[in-house]
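Here is a short report for a first look at this structure. Please read it with the sequence and the 3D view side by side.

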Amino acid sequence: MQHIRAHVLVCGGTACKSSGSQKVRDAFARYLEEYKLQDEVMLVETGCHGFCEHGPLVIVYPEGTFYCRVTADDVKEIVEQHLYKGRIVERLLYREPLTQEQVPNYDEIGFYKKQHRIVLANCGEIDPENVGEYIAVGGYEALGKALTQMSPEQVVEEVKKSGLRGRGGGGFPTGLKWQFAKASVSDKKYVICNADEGDPGAFMDRSVLEGDPHRVLEGMAICGYAIGADEGYIYVRAEYPLAIKRLRVAIAQAEEAGLLGRNIFGSGFDFTIHIKEGAGAFVCGEETALMASIEGKRGMPRPRPPFPAVSGLWGKPTNINNVETFANVAQIINNGAEWYSRFGTEKSKGTKVFALTGKINNTGLAEVPMGITMREIIYDIGGGITNGKKFKAVQIGGPSGGCLPESMLDLPVDYDSLIAAGAMMGSGGLVVMDEDTCMVDVAKFFLTFTQSESCGKCTPCREGTKRMLEILTRITEGEGREGDIELLESLAENIKATALCGLGQSAPNPVLSTLRYFRHEYEEHIKNKRCPAGACEKMLSYIIGDDCKGCTKCARNCPVQAISGAVKQKHVIDQSKCIKCGACMAGCPFKAITKG
Amino acid sequence: MTTINLTINGQPVQAPAGTSILEAARQAGIYIPTLCYHPELRPEGACRLCMVEASGSRGLAAACVYPVAEGMVVKTNTAKVREARRTVVELLLTNHPKDCLCCQKSGDCELQKIAADLGVRKLRFEGGEKKSHAIDDSNPSLVRDQEKCVLCGRCIRMCRDVQGMDVYSFARRGFNTIVTPAFGLGLGQAACSLCGQCSTVCPTAAIVEKDDTDKVWDALSDPDKFVIVQTAPSVRVALGEELALPSGSVVTGKMVAALKQLGFDKVFDTDFSADLTIMEEGHEFLHRLQNGGVLPMITSCSPGWVNMIELKYPELLPHLSTAKSPQGMFGAIAKTYFAQKAGIDPAKIVSVSVMPCTAKKAEAARPQLCDSGYRDVDIVITTRELGRMIRSAGIDFAALAEADFDSPLGYGTGAGVIFGTTGGVMEAALRTVADVVAGQSLPKVEYHEVRGMEETREATLNIVGTEVKIAVVHTLAAAKKMLERIKAGEADYHFIEVMACPGGCIGGGGQPVPVDASVRRLRREALFGCDEASIIRKSHENPDIIALYKEFLGEPLGEKAHHLLHTTYQAQRR
Amino acid sequence: MKSLADLHALRDKLKSDLKLRKESGTKIIIGMGTCGIAAGAREVMAAVLDELARRHLTDVQVQQTGCIGMCDKEVLLDVLRPGEARITYGNVKPEDVSKIIANHVVNGNIVEEMVVGKIENK
């Protein structure tokens, strides 16, 4: 056997694959052979590292050198310089956005430095399609420990003591949920993993499933043992083909190794896991709708109680947690509740993975201890706002969440502080917005989403969000009326109080939080027919200024003949004809046209 | 069962564990408005009208689905509750046509009543998008106007859970959500039995019976037409509800008087042809029993049921009795025997029937029902439509003096009248079959073995030394289960009665609304009261039936009877 | 897999494959500048890898480095044991590799006659 002296880890997450990591991997295979390094350098395809903005990512060990935005054309250089000659290819290193400083090593990058990776510990570090690598880093140790050294009561107790709360949004204490399911007496129980990640911009669950599927399987099996279930379902959206493929491989390998199936670790405990593909309806992330969908029915929520712990899938007691929640379980069992509860705040223990998107330099996945401030996430990890613009708001919690302004940047990020601030943890999507973003428009965006994703069952959500959306639309189109804000508030409060499921109850949050922090923007739209951010197209007008040389280009570019003027004379836009397409401004050689 | 103590509006209330707040409140006489809730359907908690404040619930609780808990404090009439309910109604009305004054359901509409009760005076969201759909009148029985649909889902649950037909489902999402048969088909194209149960639970006019009253008015005002009417057994015990009388009122005489005032030339009774049905069906049963015919034989007088078996179990059609329904037999006899006897050109006769049933409208349109040489029954109206006609004619129903049916098709026995309830056809048949087998009039009249309201009942009877195993089934879901048992060879019955609707015709799809088990019980007791009050209680002893066979038909199952009174079935492919 | 012990056995066997991705024990660093390669660094590297494999020294990392300015003493090979000084050997030939690994890497005895530099661990 040859001594392997270096590992080349090529990210095989969905984001990196879509930016060409497959070609990078193939190029490595070719050049390693060309330089006769194939026996001393191991090529590994991993899951997501979370730093998707900079993908495809390549990490070379033992140095831990972190190469960003690698293309197939760069591979020859990495092989020749780094792997053959030991010289780091500096031009491919990550640069800190604020300092432009090159950082060769993975763990010294600002994006990673403040992170604490429990859930994502293995993502990007191991080959997700090789159960051996998971075992090598301590995988299935927790399942073995639970099955052979702990009673189900002890497992539930440990999870309770850890303070772990549901990572899917609601933040319900996981151990308590398990205890309820355990307490239900039934000949059959189920464990469901909710992998119907649907918040716009959130992809942490996908990354875990793609990068470390066994961790989720292990968490589910431990849960099955704890509550007395022998069968589990993973409800995963069909839009996640890579996650589904890796889950299938993982389940097959775990069964092959005897880590799933009958009599696991000789303990007499049986556990099998099925994959159920969902069609990606947002409401199917709601647990009762999700179960209806598994049963083959239309994905519509039903009222609770009865809770799934009493009557869930096919009427049997069921425990349902999301991917990230299950991904925490093995570590809690391995290291103990006390270890786990050292991370986080008093009421929000552990870490949380956030998906950073929007006008932020380092988009990607960041796992941080609960209680970290929004400012640390956005500036220290996220590298600040793109193009040097000013921060305006951060939207957290997806369509159920809210927008927080600059004054809330030092808010500790935990379940309860976020609720108090009018937002919510949700699944952890963070959309950062800069000064060019109109907050009414943002509220409209989320309402459009919830309205089209509403299942249509209950009146407030089906009809109420529609009317809210109509009011928001008219405000952004300059048709807002006196009293619209009060109407929105009244409707929002009623929908919150009366909607059937979490989707409807939280649908008004984006409106309420923007009204709370950015009320003046609504008022500007309504009273002065002006969008302060200059984002609402219908409220803008294009004006030709004195720099106009009368070149006639704008008049020729205008698709609706709204611009007139003689040659070498200043031109004029007929505002009644203008459709605000912006073609005139884009084409003006003298930058004489402004919008405002 | 554990008893739970709670307070509602400060009033101490006790309820069994598992009771919803709504049920507990209603038992305590506290009214909470509802729309998607129906006492006979599984609650869904969808409309959010029944919101209450309940300790232990985050936000408001939907009373119809929220279970009571020990020590719970419920408030059903706070400012927050009132505002929430009004907002829900306001949202529904905003997306609803405002043609209440000329709506078929005006006065019977639950949405209209709730809006009035809650005092919704202003619609703050007017001017937005409204749903827009074409009306579905693709079948003779029912009309669907989706613009009036409030998406309560009661029709879906009724059709799926009670009738087992599962025609309707929700489709699309959000504001665009609709209730629809699969693929957006009309009811005329979907595999629908047309039983009309959906129309009895629809709170608005989104599903209504097809209104044929104008056709009747036209016939009545045409001097060249001789307009006759038959009234089904169960109409007399339900019509009163349409006219402000309590449930269970027997209004036979007033109904006849009203029909005469409306201008019908002859008012006849379907009870008469129900007796005729027993003659044919009873003899058919004996014939099958004695000659190795297909058994179990199943009754065929419920057209919703006939549609169901033709749609879903055509391979079992040989089990259906070939005897026409009472409506069908009446139609054939009216334009032959009666026309001859009265000397009226059958071409001038307009034969109207008043039925508890929407499927009867479709039955009358079957091509098989033209054995008189004409369409045997021309117009079918439901109990609800007759109620509207009487109201529109300004007749003071309660004050009417009772009148008698006309002869010769106006006399029915007690056996004929109980056709209107589940088990009634079976009991009527047994009364005749036993006498026929015994060759004499036996003292036994009532067969309590087949009475009851369980969806499936069975009994083994000794009919003059012969063991006869019978079953009685109502609701199409129960019928489906029975057919599955027959297919599996697990149903060794000789004779089965099936009625499509809950409780039989007394709970028919064309009967007055609202209806629930207690209303059906009152109608049913009223029918048995009619039977008990009858002097003649066996079909074969009806003198007019005896005369009909003697003067016109000859023998039961004879050639003429076969031609006029029996029919054929065929698979429906929809 | 029948028991937790089976899992542990498998894990211990597989763990070595991934050691490279964690901080670990002794490092051998080979000068791979143009001068080093010209002097036979690749051959020395091959010898190192063979020797490590032969001795199953799975937790020894092999790294390369560029030219450090003592080109006439290439091939340069550093041994860095945890907590000890970084020792640089000069003029290393493939046949020296076995001796360096046996004495220094395994047993901690520096092969003094080949040492050309020493950096104390701080």
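## A covered helix

In this predicted model, helix α9 of chain A spans residues 204-211 and is mostly covered. Of its 8 residues, 8 are buried. The buried set takes in charged side chains, namely A:D205, A:R206 and A:E210. Nonpolar residues are buried there too: A:M204, A:V208 and A:L209. A:S207 and A:G211 complete the buried list.

## Domains of chain A

Chain A is assigned five stretches as domains. Domain 1 covers 6-113 and domain 2 covers 131-340. Domain 3 follows at 351-434, then domain 4 at 439-527. Domain 5 runs over 540-595.

How far apart are the C-alpha centres of domain 2 and domain 5 of chain A? They lie 60 Å apart.

## Which chains touch

There are 2 pairs of chains that touch. Chains A and B have the most contacts of these pairs. Chain B and chain C share no contact. Their closest C-alpha atoms are 45 Å apart.

## Where chain A meets chain C

The contact between these two chains draws on 28 residues of chain A and 23 residues of chain C. On the side of chain A, two helices give two or more residues each: α5 (131-136) and α6 (141-149). Helix α5(A) gives the most, with 4 residues.

What is the make-up of this side of chain A by class? It has 11 nonpolar, 9 polar and 8 charged residues.

Note on methods:
Residues numbered from 1 in each chain as written. Chains lettered and ligands numbered in written order. Predicted model: local features only at pLDDT ≥ 70, side-chain atom pairs only at ≥ 80, totals over all residues. Domains from an automatic or database assignment. Contact = placed C-beta atoms within 7 Å. Buried ≥ 20, exposed ≤ 12 C-beta atoms within 10 Å, placed from the backbone.
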